[in-house]
Amino acid sequence: MTAQTVRTEQDVREQVSRIVVEELELEDGELTDGGHFIDDYESDSLSLITVVSRIEKELGVAIPKTELGDLVNLRLLVAAVVQHGEVNADA
């Protein structure tokens, strides 16, 4: 998949959620905003790096490596993508 311009925060959330569900092999509806990737979904640091790498590639955003340790749930991950990407908050 090629990098694309993300238009709204809802678009970001949907795309990030899809990537997380696929990479962590979660069931539909299992992922929540506050669920801890490692504690609740039995992920590990390598799978989280893979998640972030896919997000960067597919959404065309660069998340600083210094922030990776803080991105422990969907809410924080989406916030980082919004902060570092091109998101139209008015759409």
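**Notes on a three-helix model**

1. Let's start with Leu31, which sits in the loop linking H1 and H2. (Helices are DSSP runs of H or I with at least four residues, strands are runs of E with at least two, and both are numbered from the N terminus.) Leu31 counts as buried because its relative accessibility is 16%; buried means under 20% relative accessible area, exposed means over 50%, and partly exposed is in between, with a 1.4 Å probe and protein chains only. Its C-alpha lies 7.0 Å from that of Val21, although the two are 10 residues apart along the chain. Beyond the neighbours within four places in sequence, Leu31 is in contact with Ser17, Val20, Val21, Leu26, Phe37, Tyr41 and Leu74, where contact is heavy atoms within 4.5 Å.

2. A quick word on provenance. This is a predicted model, so to speak of local features takes pLDDT of at least 70 and side-chain atom pairs count only at pLDDT 80 or more, while totals for chains, interfaces and linings use all residues. Residues are numbered from 1 along each chain as its sequence is written, and side-chain values use heavy atoms, with hydrogens and water left out.

3. The overall layout: 3 helices and 0 strands, in the order α-α-α along the sequence. Of the 91 residues, 36% are buried. Among contacts with a separation of 6 or more, 60% are between residues 24 or more positions apart. The protein exposes about 5,500 Å², with 47% of that coming from carbon and sulfur atoms; the areas are Shrake-Rupley values with a 1.4 Å probe, and for residues only the protein chains shown count as cover.

4. Back in the H1–H2 loop, Asp33 is another residue to look at. Asp33 comes out as partly exposed because its relative accessibility is 31%. Asp33 and Ser17 are 16 residues apart in sequence, with 9.2 Å between their C-alpha atoms. With neighbours within four places left aside, the contacts of Asp33 are Arg13, Asn73, Leu74 and Arg75.

5. Ser43 belongs to that loop too, and at 11% relative accessible area Ser43 is buried. The side chains of Ser43 and Ser47 make a polar contact of 2.5 Å. (That term covers a pair of N or O atoms within 3.5 Å; within protein, one must be able to donate a hydrogen and the other to accept it, and residues adjacent in sequence count only if both atoms are side-chain atoms.) Leaving out neighbours within four places in sequence, Ser43 touches Leu24, Phe37, Ile38 and Leu48.

6. On to H1, residues 9–23. With 15 residues at 1.5 Å each, H1 should span 21 Å, and its end C-alpha atoms are indeed 21 Å apart; the expected span is 1.5 Å times one less than the number of residues. The buried set in H1 is Val12, Gln15, Val16, Ser17, Ile19 and Val20, and their cover includes H2 and H3. After the helix comes Glu25, with a positive phi near 55°.

7. H2 covers residues 45–59. Its 15 residues should span 21 Å, which agrees with the 21 Å between its end C-alpha atoms. Buried here are Ser47, Leu48, Val51, Val52, Arg54, Ile55, Glu56, Glu58 and Leu59, with H1 and H3 among the elements covering them. Asp44 caps the N-terminal end: one of its side-chain oxygens is 3.2 Å from the backbone nitrogen of Leu46. Just past H2, Gly60 has a positive phi of about 65°.

8. H3 runs over residues 74–84, with Leu74, Leu77, Val78, Ala80 and Val81 buried. These residues lie on the same side of H3, because they take up an arc of only 155° around the axis, using the directions from the helix axis to the C-beta atoms. Their cover includes H1 and H2. The N-terminal cap is Asn73, with a side-chain oxygen 3.2 Å from the backbone nitrogen of Arg75.

9. Finally, the core. The largest nonpolar core counts 22 residues, and Val16, Val20, Phe37, Ile55, Leu77 and Val81 have the most contacts inside it. H1, H2 and H3 each contribute at least two residues to this core. Here a nonpolar core is a set of buried Ala, Val, Leu, Ile, Met, Phe, Trp, Tyr and Cys residues joined through side-chain atoms within 4.5 Å.
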